[in-house]
Amino acid sequence: MKSIINELQLKLITMSKRQTILMAFIMLTFSTTILAQTPNTVVTIKTKIYCDHCSKCESCQSRIEKTIKKLKGVKAATLDVINSRIKVSFNPAQVNVKSIKDQINKSGYDADDQKATVEYVEQLDGCCKQ
Ligand SMILES: [Cu+2]
């Protein structure tokens, strides 16, 4: 491994300045293209809803969806109130499932095995608390 790195360093040094710039440009273009072309992934996360009017109340649906959508890389978030499931569409090159779950916890709700943080649950309307 070390010898490969040494060889690469030697190659870089022997490369002309122009070649180095060209190389950097190609790599930059390539990585940007990959990021833009990464298809969205959809994940369904289980949560717990305690009130019976969540599709209308401020605390549940809109709070959860708005909070998740604040994350960079999240394309859509929909709460299925009846089944207590949140469907999130995201770009895996920009955000991961763990961050999405953390964000759901921050809105005051559980996300699969991750329990909502107490201080965020406190901010919910009385009827929506656990
Ligand atoms: Cu509610």
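**Exercise 1.** Find which residues I104 is in contact with, leaving aside its neighbours within four places in sequence.

*Solution.* Start with the rule: two residues are in contact if their C-beta atoms, placed from the backbone, lie within 7 Å. Then go through the candidates: I104 touches I45, T47, I64, I68, I86, Y109 and A111.

A quick note on what you're looking at: this is a predicted model, where local features need pLDDT of at least 70 and side-chain atom pairs count only at pLDDT 80 or more, while totals for chains, interfaces and linings use all residues. Residues are numbered from 1 along each chain as its sequence is written.

**Exercise 2.** Work out which residues of helix 4 (residues 97-106) are buried, and how they are arranged around the helix axis.

*Solution.* First, the terms. Helices are DSSP runs (H or I, at least four residues), strands are too (E, at least two), and both are numbered from the N terminus. Buried means 20 or more other C-beta atoms within 10 Å of a residue's own, again placed from the backbone.

Next, pick them out: I100, K101, Q103 and I104. Now look down the axis: these buried residues fall within an arc of 160° (taken from the directions from the axis to the C-beta atoms), so they line one face of helix 4. Handy background: an α-helix has 3.6 residues a turn, so residues three or four places apart point the same way.

Finally, see what they pack against: strand 1 (41-46), helix 3, strand 2 (74-80) and strand 3 (85-90).

**Exercise 3.** Decide whether R63 is buried or exposed.

*Solution.* Locate R63 in helix 3 (residues 58-69). Count: 21 other C-beta atoms lie within 10 Å, so R63 is buried.

Definitions and conventions: A residue is buried if 20 or more other C-beta atoms lie within 10 Å of its own, exposed if 12 or fewer, and partly exposed in between; C-beta atoms are placed from the backbone.
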